[in-house]
Every structure is written in structure tokens, then in C-alpha cells.
Amino acid sequence: MAAAMAAAPLKHRRTTLERVEKFVSPLYFTDCNLRGRLFGDSCPVAALSSFLTPERLPYQEAIQQDFRPAQVGDSFGPTWWTCWFRVELSIPEAWLGQEVHLLWESDGEGLVWRDGEPVQGLTKEGEKTSYVLTDKLREEDSRSLTLYVEVACNGLLGAGKGSMIAAPDPEKMFQVNRAELAVFRRDVHKLLVDLELLLGIAKGLGEDNQRSFQALYTANQIINICDPAQPETFPAAHALASRFFDQRGGESQHTLHAVGHCHIDTAWLWPFKETVRKCARSWVTAVNLMERNPEFIFACSQAQQLEWVRNHYPGLYTRIQEFFQRGQFVPVGGTWVEMDGNLPSGEAMVRQFLQGQNFFLQEFGEMCSEFWLPDTFGYSAQLPQIMRNCGIKYFLTQKLSWNLVNSFPHHTFFWEGLDGSRVLAHFPPGDSYGMQGSVEEVLKTVTKNQDKGRTNHSAFLFGFGDGGGGPTQTMLDRLKRLSNTDGLPRVQLSSPKQLFLKLEGSSEQLCTWVGELFLELHNGTYTTHAQIKKGNRDCERILHDVELVSSLALARSTQFLYPAAQLQELWRLLLLNQFHDVVTGSCIQLVVEEAMAHYKDIRSQGGALLSAAATALCAGEPGPGGLLIVNTLPWKRTEVLALPRPGGSHSIGTLGESPGDSAQHGLCTCSRAHLPAASAAPAACVCGARGSFSSTSRPALTKTDGSVTLDNGIIRVKLNPTGCLTSLVLVASGREAIAEGAVGNQFVLFDDVPLYWDAWDVMDYHLETRKPVPGQAGTLAVGAEGGLRGSAWFLLQLSPNSRLSQEVVLDVGCPYVRFHTEVHWHESHKFLKVEFPAHVRSSQATYEVQFGHLQRPTHKNTSWDWARYEVWAHRWMDLSEHGFGLALLNDCKYGASVHGSVLSLSLLRAPKAPDATADMGRHEFTYALMPHKGSFQDAGVIQAAYNLNFPLLALPAPGRAPATAWSAFSVSTSAVVLETVKQAESCPQGRTLVLRLYEAHGSHVDCWLRTSLLVQEAVLCDLLERRDSAGYLPLQENGLKLTFSPFQVRSLLLVLQPSLS
């Protein structure tokens, strides 16, 4: 009786918890605890040799190189090099019947090659330090074999010097720390998983929970009966654990859908080419897990990465397709890359889905139904409409959990876009896409869920991510053990489709969020790396123009071949650069250099394609060469052009509408290098020189007391001697646009030191450090003295290291004044903006977004309002009161804000991580200011911003350009924009065009689209160019009637009549 009393389990909770911790610890008491028995007998590899190269060589080339003897402890490098190891193995005969692993620990990311194929990724950071040679050594198995291990000289998250996001350390060296064979004790592994889970339950459920103590006491009892040195005690210990885990939960338990995941940034802290290898390392590991775990399902996004693997690792790609057929490898997302959700144009977003969905259909036989964008820095309000028109019903992300100020109120909800389109959205409540299967994560997913009672299912995405890595066997073992255990939610190995079907089936109680999903963080990415932003805007324009002019050439020329393959290649380069860590500028210098090279290719090849199309348009017109003037926008334009003269100089001329021009996309031509004044039409008008403007409409320039006044009869601009704007008057009404006592075009510097994410964040407190840049009186000088163009220019010393020069330009007939700006920028953690205090009062400002616009507050009433101290816009923003407003236009900027009545455009930043050279050097950009009567819609602000971004093209004509204006398309209302004209994807050799239009004012409107092309058939289609079976459009007097709701995007297929040979 006394002995029984002495053995009574009186336990102190803290010491019992620590007892369990030490029993499974990899650091303490490994000589006698369970963790120390995970591996049994071991032996060194038979031989180790290596070869070092700065190149990323293919396997067959690498193994032919000169390998030299190596040993554990050797160093190799530097950063971005590759070290190949030849590993020769001899397995001891005594290990017959045992599971044998190669244990490999090295700095850098490794990939094991066996018999010429990649078989396993190895990274310490991704908890993958062993490769299973055999799960049971058999008599017939070879005891000797040779492997190759390809080790990249970079970590899972790059090679930052001192911190993860610091610029890479170019001299960093790497080391092999372990290379040996060992017997793996699978029974020990299972017990370790059980004990870790019991420990997690004991901690996670807390002292007030009965089940917590059951878990703790079970773990304690397992330690009592388990002797790590005596494997025969393991079955009883495992049975004790099973008794606990087999106690089931109730019918109301929340269900977690555990989906294998491996987020791989297409480029970030490593270059694009390293991502190719990251995909191979991660996905071959996932495929091996699928072989050993038939219930394991792995979701994989980004068509670009799959194409890379298809091209570089065909054997692995074949295995991926096999596991797709089994339902275990699941393509998701539907896009070419996981692009930024703010900065790409609406058309570029469409192309992400067009290229992505077509790739998935071609390679896997089906398209994706869910948009997968877990790590992007905000989500445009037009994404729901784009998704629905691209076959997407569901949306998954988690990034809004990073909000700095406000917690987003939902995890499962309907997201409604600008036009009213809705998708079912889900944010994993665990606020991560890289779970590891711990009890803490499982419990967090339930407790943090913002929609308890509305839905009883959640996503649980597990696997190392960002730099790749993916799931491990240990993660899977944890999740399978927790499948249905009392006290915890159910855990089901599942797929995205299964999750969303469950959510959809119980969606009647879900709430709806209307408008953009604004991330209250990372708003410095709207400005960082201005050259990337400029390249993005330029190349979006170039591809738009090439497609349009090539479509017109296809319609007019029987010999012209539409450059479908070249355009696809260029679009894919642009879409690649729109990855969410590239176009945002939050990447290392190596990636920036690659991105700039991509833009250079698009500019160069795009220019060549434009020339080829111009040649086709002028074919059959004998005579001296001239210029083909192309208006690629769907409205008439009156503009001043600088036309080339012999010898490389330019002359100023005007292109404007002529009395007979009623078209809207236009081609015009002139055969003289100097064009005193000419007129254009829209989507294709061909015309010669016209009469010049009357002298009364020409801009007048006066200079008084060092100030300069520009007046073109529409607006009057007054600059003080330092170049600041003291007055901007709408001449017809005499209305002043600049706030009384203030000046516009005021450059302002801010201190810009974020809390951590340097290239990403600009914090709210930067506004407290505002320092206006004082101008230098006397630098203002007259440029062009009127006629067709008046201008003045000035210099400004921004700081001892940085300077700015600017030309302020006012053209005849132009409703806005332009500010052509050049900056030499050499700063550290400074932020440059330009401000325009407006004589306008409104609680809302309007910003252009993809295919439309939205309003944001100009005040700070709530935390949701003041969290938007720095926002994004595309080509324009506007502040209007009834009857009058002021619009600020730009040709390559995205960061913006309106506080009170001050419009501010963000120009340049100077972060030092992850690229220490970010934004340093010379920049050129243009912004413009447009006062207007009435609403911005009626005043033509949208059209003016397009005009600024899409200048008239003056293309060299190889022969005489056609003598009469020709227009292909016109639209009957300014509320509808004809955004895109291209050849249909399904007809690379055919004569079918795709036209994309959108309603831009926010109104219900009927619209006539008129065309001079010979149309055989017109039918509506979706954004993937699939015909709408009920969308046939009758052609009436060369016109098609279309009906739009606010911000609706519509696409149609035009089948042209066969050309005459």
C-alpha cells in the first residue's frame, strides 16, 4: 500500500512539460533521449569530389567536368556560383532490411541527381537534410551507387549580408557540414511525432482544459515506459499515443483542409534563373511525397514556373503530369505568374489569365477555377470582374493579415468588384501559406477565424515557402495523426476545389466586401525603382500599339502576317516582370538588371514590329518615303508633334482633326519631314498635311519680373521665378485652380526610414518630416516662345547630391500643362514628391484603376481612412467639387495621395535593401495638370490621360503613304473606351480580331461601335476569347450596338471577310 501511494502521479505542470521537451530535444540530452536515437548505425560516404562553376550548368554537361577530391568541412562559393558534388556510396551488408538515408547538410540549396534525373531537394532551412536511398535494403539491391548533389551558393531566402532583406553578400562562402550514410529509425520518428503533438496539445489547450492534461499525462506516461535504448518498448508507447489520438471529436468540429503548398517567388532575393532550380528542388520533393503518401495533394500556381520545369527538367515534368492525372498535383491560380495586384494595367491583368489559363488547358487539359495570389501587396477592385470573365469563381490570399492598422473583418466572404461581379474569397485564418502542421497552427486557424458560425471549413496551407522548399514527410505525419482527435478541429488532406465546394455549399450566411482590398502596408512599392515602373508603363503602351497597328495591317494587306508568336513572347516577358516582387521594385539588383533587359527587348522588338506593320500599311503606294501618323486611341486628337528632320533634328508641327474626320482610331500620313499643321482621326486615319491653326489660338508667352505666363486660350499658367506654379486659370470661366496663398509644382522631400521592409514600406510618420525644397530665383528661363508651343524651364538643387531640371510646356489646343522632368538622384532614405494645393474642396478624391476609377477619402475620420495615407493610381487622379475640378496626370508614376485639398504625386524613393542602388541615377518622367469645368468625365480627363500616355506615332513609311485619312473604328460615346484591338488567340493565321471595350464613366450606357472594316461576323466573347453562344451581334450600317453597365468590360470577336488575293 505504501509503495502504491509513493507511485501516485502527482505532477508539477511546468516540470512535466519540460520533461517532455527534453525527451524530444535535438539540443539537450541527446545521448539518452529519444531524438538521439532517430538514426542508428552510420558510415562516411565512400568518396566525395567536387566541381565549382559560376554557371548554372545542365546535368549532362556538369558531370563531364573535372571533379577533384573534397571532404566534409570544405568551403566553396562565392554567392550565386554552383558546386557540384560527386557522392560515391557503399552501403554496409549488415544494414540488410533497414531503411537507409544519405545524410547531407550544407549551406546553400542542394538537389540530388540519381541516374540522370533529379530526385530530392536538400536544404537545412527547409528541414530536408536526408535523402531516402531505400525504405528497406533488399538482397537484390545494389550496395554501391553514385549520386550527384548540385548545390547553389545561396540560401532558401537568398544571401543577404547581415539580414534576410539586405543586399546579397557577393563574397559569401558556403560549407559542407555532413555527408554520410545512416540507418533511419522509422519507429523512433513516429514516436517523436506523437510526443511533439501531445506536447503541443498540452500547451495549446491551456491549464483550464481537461484535454490538455490528458495529453500531458499521456506524454509523461509514454516517457515512463519508453526506453530509447530498447526498441522493444516502442510499440507499447505508440499504442498509448494511439489511444489518445483515436478519441474522436464531435459532429460540430471545424474542418481544416490541409493542402500542400510551396510558394516560390518567381524572382526576389535571387535571380530568375535560380527560381528555375528552386522549382525543380521543391517539386521533385513534393512528387516523392506523393509516391509515399497517396492521399497527399499539392497545389501549384504560376504557369511560367511550370513552363520552366517543362523546358529544363522534362523527366520531372512527365512525373508531374502523371500525378496530376492521379489528382495529387493540382495546378491553381490561372495566371502566368502571381502578379502584383495594383500596378499592372487592366489589359495586362487580362493577359495574365489569358496566357496562364491557356497554358493550363494545353498542358493539363483543364483551366483553373480559383485565383491563387497569397503574397501580393493589395488587390484591385476590378479583379473580381476579370476573374469571372476568365473562368474563375474563387479567390485565395492571406496578405491582408499583414495590415498595419486595421484587422480585416473576414476570412471567408464574397468579394464584389467595381462592376458588381462577385467571387467567393477565402483567407486562411491561420494567416499563413507556409504552415508546418503544428498543433499551435491548427488551433490558431480555428480561434482566429473571423467567420465563426458562418462557415465551418478553412484552408490550412502547409510547406516551406517564399524561397521554395515545400512540405516534408514530418508535416504530413503530423497532419494525418491529427485527422480526427477530440479537442482539436478535424484535419483533412484536401484540395482547393474540395475546400471551395464546401465553402460554397454553406455560403448563405457569408458577408460581402465591396471594392478594393487595400493592404495597409508595403505602399512604398508604388514608387520604389522608378525605372521599372517606367519600363512597365512604356511596354504596356508599346504592346498595345503593336497589336493595334498589326491588326490594321492584317485588315488592309493580303500579304501581312500578324506576328502572333513574337507578341506572345513579348507579352510573356512583360507579364514575368509584373511578378509581385519585380514591378514593385522589392527585389535585388540582379533581378532589376534582368527586368530592365526584358524591357529593352520589348522596346526594341516592339519597334521593329511597328515598322513592319507600317510597311504593310503603305504597301503598293509608290513614291518617296514619308511618315505614317498613327492615332492608336479611339477619339479625335489635336496635338503638337515633334517630327524628325534630316540630320536627326526635330521640327514642331500640329496634328489635329479635320472637318471631315469622324473616326476615332486613326492613321494619318505626311510625306514631308516638316509638318506645319496636320490633322488626324482615330483607329486608323490616313491623311496629309492640313492648314495651320489661326494665330489667336496659339499659346502666348510673357515674362515679367522673372515670372513667366503661358496662355493658350484654354488655360493660363503663371510660374514664379523659381518655377513654382502661382496661378492656373481656366480661361473661359476665369476660375483659379491653385489654392489662395499657396503654390503648385512644389517639390517636397521627406525622411523615409521604415520599421524594417525598406524597399516595401513608407510609414505614416514620414509625413511629419515634410521639407519643401526651396527654389533658386533667377533660374527660370524661356524655352519655346509660343506659336504651336510655349515653354519655360528651370533648375532646382534638391540637395547637395541631387538636382532637377524641368521644362513646363503648354501646346496649342491642349487642356493641360505638362511638366517634363529630369532628376539626377543620389540620396539615402529620402522620398521626393510634388504637390499641388487645389482651390477645390471635396471629401473624396478619384483615382484611375484598371478599367475604371474609384474614390478614396481625403480626410482621416477613421482608422480605415488614415491608413490610406499613401495610395496607388494609374494615369490620373482628380479632385472635384460641383462644377469644377483639378486633375493630375502622369506617364509612369503610381504612388499618390490627396490630403485635404493637396494633390501629391510620389516621384522617387531611396531605399537601401534589398537593392542598395535602388533609384540612384538619372530619371525622366512627365506629369501634367488639368483644370476642368464640370465633372472629370464630361471634361475629358480620362481621354487627356490616355493622350499623355499614348502619343501619336510617327512611323517612317517606306513608300508614299496613302493620301486620304482612314479610320477603322469609332465609338459613339466618350463613356466607352476601345482599349484593345488584337488578333484572336485561336486564329494565329486567320482574320479574326478581338476588340476589348470598357465603360469608363461609371454609368449605364448604350454605345455604337462603328467600323470601316469588312466584317463577316461579330459575336461577344469572354476575356479568354471564348464565344458567347447567345452573343451574336447584328451588323447595322457598319455598326454594332453594345450595352454597358458601370465599369463593365466587354470583348467581342470580329471575323473579317476573306481577303481578295
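Contact here means heavy atoms within 4.5 Å. The model is predicted. The exercises below apply to this structure.

**Exercise 1. Surroundings of Val446**

Task: Find which residues Val446 touches, not counting residues up to four places away in sequence.

Solution.
- Step 1. Locate the residue. Val446 sits in helix H12, residues 439–447.
- Step 2. Apply the contact rule. Val446 touches His254, Leu256, Lys452 and Pro489.
- Step 3. Check its cover. The relative accessible area of Val446 is 23%. Buried requires under 20% and exposed over 50%, so Val446 is partly exposed.
- Step 4. Add a long-range pair. Val446 and Pro44 are 402 residues apart in sequence. In space, their C-alpha atoms are 46 Å apart.

**Exercise 2. The pairing of strand S42**

Task: Determine which residues stand opposite Met877 of S42.

Solution.
- Step 1. Take strand S39, residues 844–849. S39 pairs with S42 in the antiparallel sense, over two bridges. Here Tyr847 stands opposite Met877.
- Step 2. Take strand S43, residues 884–890. S43 runs antiparallel to S42, and six bridges join them. In S43, Leu888 is the bridge partner of Met877.
- Step 3. Inspect the connection. S42 and S43 form a hairpin with two residues between them. Gly883 in this turn has a positive phi of about 90 degrees.
- Step 4. Judge the cover of S42, residues 876–881. Five of its six residues are buried.

**Exercise 3. An open sheet**

Task: Give the strand order of the open sheet of five strands, then name its edge strands.

Solution.
- Step 1. Read off the order. It is S50-S51-S56-S53-S54, with antiparallel pairing.
- Step 2. Identify the edges. Strand S50 (976–983) and strand S54 (1027–1032) each pair on one side only.
- Step 3. Get the twist. Neighbouring strands of this sheet are turned by 35 degrees against each other on average, direction ignored.
- Step 4. Look at one inner pair. S51 (residues 992–999) and S56 (residues 1049–1056) are antiparallel over seven bridges. The bridge partner of Leu995 in S56 is Leu1052.
- Step 5. Add the packing helix. Helix H10, residues 346–364, packs on the sheet and touches S50 and S51. The direction of H10 makes about 40 degrees with that of S50.

**Exercise 4. Backbone outliers**

Task: Sort four residues, Pro78, Pro914, Phe29 and His829, by backbone feature.

Solution.
- Step 1. Check omega. The peptide bond between Gly77 and Pro78 is cis, with omega about 5 degrees. The bond between Ala913 and Pro914 is also cis, with omega about 5 degrees.
- Step 2. Place the prolines. Pro78 lies in the loop between strands S4 (75–76) and S5 (82–90). Pro914 lies in the loop between strands S45 (902–908) and S46 (921–933).
- Step 3. Check phi. Phe29 is not a glycine, yet its phi is positive at about 55 degrees. His829 is not a glycine either, and its phi is positive at about 55 degrees.
- Step 4. Place these two. Phe29 is in the loop between helix H2 (13–23) and strand S1 (39–44). His829 is in the loop between strands S37 (817–825) and S38 (830–837).
- Step 5. Classify exposure. Phe29 is exposed at 52% relative accessible area. His829 is partly exposed at 21%.
- Step 6. Look around Phe29. Leu27, Tyr28 and Phe29 form a nonpolar surface patch with about 380 Å² of accessible area together. Leu27 is exposed at 69% relative accessibility.

**Exercise 5. Salt bridges**

Task: Work out how the partners of three salt bridges are placed in sequence.

Solution.
- Step 1. Take Lys22 and Glu18. Their N to O distance is 3.7 Å. They are four residues apart in helix H2, so about one helical turn separates them.
- Step 2. Take Arg310 and Glu307. Their N to O distance is 3.6 Å. They are three residues apart in helix H8 (residues 303–312), again about one helical turn. Arg310 is partly exposed at 26%, whereas Glu307 is buried at 14%.
- Step 3. Take Arg178 and Glu105. Their closest N and O atoms are 3.4 Å apart. Arg178 lies in strand S11 and Glu105 in strand S6, so this bridge ties together parts 73 residues apart in sequence.
- Step 4. Give the total. The count comes to 52 salt bridges.

Definitions and conventions:
Residues are numbered from 1 along each chain as its sequence is written. This is a predicted model: local features need pLDDT of at least 70, side-chain atom pairs count only at pLDDT 80 or more; totals for chains, interfaces and linings use all residues. Side-chain values use heavy atoms; hydrogens and water are left out. Buried means under 20% relative accessible area, exposed over 50%, partly exposed in between (1.4 Å probe, protein chains only). Two strands pair if DSSP finds at least two bridges between them. Patches are made of residues with over 30% relative accessible area and no salt bridge: like charges are joined within 9 Å, nonpolar side chains (Val, Leu, Ile, Met, Phe, Trp, Tyr) within 5 Å. Accessible areas come from the Shrake-Rupley method with a 1.4 Å probe; for residues, only the protein chains shown count as cover. A salt bridge is a side-chain nitrogen of Lys or Arg within 4 Å of a carboxyl oxygen of Asp or Glu. Axes are lines fitted to C-alpha atoms, for helices over the stretch in contact, and angles run from 0 to 180 degrees between N-to-C directions.
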